[in-house]
Amino acid sequence: MNVPFVSFRPMEKELDQDLRGAFARVYENSWYIEGHEDKAFENAFAQYCGVKYCIGCGNGLDALILILRAYGIGAGDEVIVPSNTFIATALAVSYVGATPVFVEPTLKYYNIDTDRIQEKITPRTKAIMAVHLYGQPADMDRILKIARENNLKVIEDAAQAHGAKYKGRRVGGLGDAAGFSFYPGKNLGALGDAGCVTTNDAILAEKIRALGNYGSDYKYHHIYKGQNSRLDEMQAAFLSAKLPHLDRMNEERRRIAERYLQEIRNPLVQLPEIHEECEPVWHIFAIRCKERAALEKHLNEAEIGTNKHYPIPMHLQGAYQELNIPQGALPIAEEISATQLSLPMFYGMTQEQVDWVIQKINDFNI
């Protein structure tokens, strides 16, 4: 039986008429940037996240860059980031001229270890990037407490966590500002690149909107050296078509995850754990295995798609060689990179496909 790592077809088939209608509506209006669709989605997503403001932009990386720029974070500054995350988190810090300072995660939840943050704070530290990795929120109460005690901003990287909750509240409104990606593979994905910033800060929202529009507060009037990063009408319309279905589709991911958690019984496999305060949305279902290469081969031979998030930790990437962080300096991130394997997780997986994944993992031995 073939089980792809991800497939958009079940969702696209179900929402076919809505998506085609969204396309037709934008095409017929002949308005493609900063129009009604953009405003409608921003308002709907702000309400969904429980915040006052949502500002659409070009992608998730831009969302983080715009937040950092709006806070005036730049050359000579430092930003705390987890050592275990997608490189975009650190790239945003680098693009504004600041330095990412890596803090190890916990092996239990994969998110940043809040007990390790304080020791990395210096007079140059300006913010903490709280990544909700794989769709499980970080320990926000502890992060916010540390930040307030040190006069730091808290920026949520919520690119993988659309709809996830911490203590009953959705991510996106837990810190000072949040960046979302709507890359097609996300739980709420566009049909191309897109992103947004959410916040309750009116002044920050206004500045971010201007920065993403060439630094302009109104046409041909430029108050900042801005950039071009706007959510286009077509992607906004597609996102508006999908948003009403997000909670239902996340619930199906939870059902799949629950089966994995209950029925995978191989002692060679370490299953993820759920923080008691969190309701994850399972963007990624990440297991760990010391014999990852053999397990991946075993699954792939059974036509089960897999992926690795992420096979090379950021501090060992060529992009960050100037930080001079040697192998072994961040052992937890390195262990996760060497052992993590992502299983199929997508809306529309059949019961038979889930059965097959569970069976083949339980069959694995060395």
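**Notebook: a helix, two pockets and some cysteines**

I began at the start of α7, where a side-chain oxygen of Asp201 comes to within 3.0 Å of the backbone nitrogen of Ile203. A reminder to myself: this is a predicted model.

**Entry 1, helix α7.** I stayed with this helix and asked which of its residues are buried. I found Leu204, Ala205, Ile208, Ala210 and Leu211 in that group. Next I looked up what covers them: the list includes the strands β1 (53-57), β8, β9 (195-199) and β10, along with the helix α4.

**Entry 2, the largest pocket.** I read off a volume of about 850 Å³ for the largest pocket. I counted 43 residues in its lining, and those nearest the centre are Gln160, Tyr183, Gly185, Lys186 and His283. Which element gives the most to this lining? I found that α9 does, with four residues. Elements that each supply at least two residues are α4 (60-70), α5 (88-95), β8 (177-181) and α9 (246-263). I also sorted the lining by class and got 25 nonpolar, 15 polar and three charged residues.

**Entry 3, the second largest pocket.** Here I noted about 440 Å³ of space. I found 16 residues lining this second largest pocket, with Glu34, Asn213, Ser216, Asp217 and Tyr218 closest to its centre. My helix from the first entry turns up again: α7 (202-211) gives two or more residues to this lining, as do α3 (36-49) and β10 (216-218). By class, I have nine charged residues here, plus four nonpolar and three polar.

**Entry 4, cysteines.** How many disulfides are there? I came to a count of zero. For my own notes, a disulfide is a covalent bond between the sulfur atoms of two cysteines. I then checked Cys57, which is not bonded because the closest cysteine sulfur, in Cys196, lies 6.6 Å from its own, too far for a bond. Is Cys57 buried or exposed? I have Cys57 down as buried, because its relative accessibility is 1%, and the cut-off for buried is under 20%.

I turned to Cys196 next, and Cys196 is in no disulfide either. Its nearest cysteine sulfur belongs to Cys54, at 3.7 Å, whereas a disulfide needs the two sulfurs within 2.5 Å. With 0% relative accessibility, Cys196 also goes down as buried.

Terms used: Residues numbered from 1 in each chain as written. Predicted model: local features only at pLDDT ≥ 70, side-chain atom pairs only at ≥ 80, totals over all residues. Heavy atoms only, no water. 1 Å grid on protein atoms, 1.4 Å probe; cavity = no way out; pocket = protein on both sides within 12 Å on 5 of 7 lines; lining within 4 Å. Points joined across faces, edges and corners; volume = space filled by probe spheres on them. Nonpolar A, V, L, I, M, F, W, Y, C, P; charged D, E, K, R; others polar. Buried < 20%, exposed > 50% of the residue type's maximum accessible area, 1.4 Å probe, protein only. Contact = heavy atoms within 4.5 Å. Polar contact = N/O pair within 3.5 Å; in protein donor to acceptor, adjacent residues only side chain to side chain.
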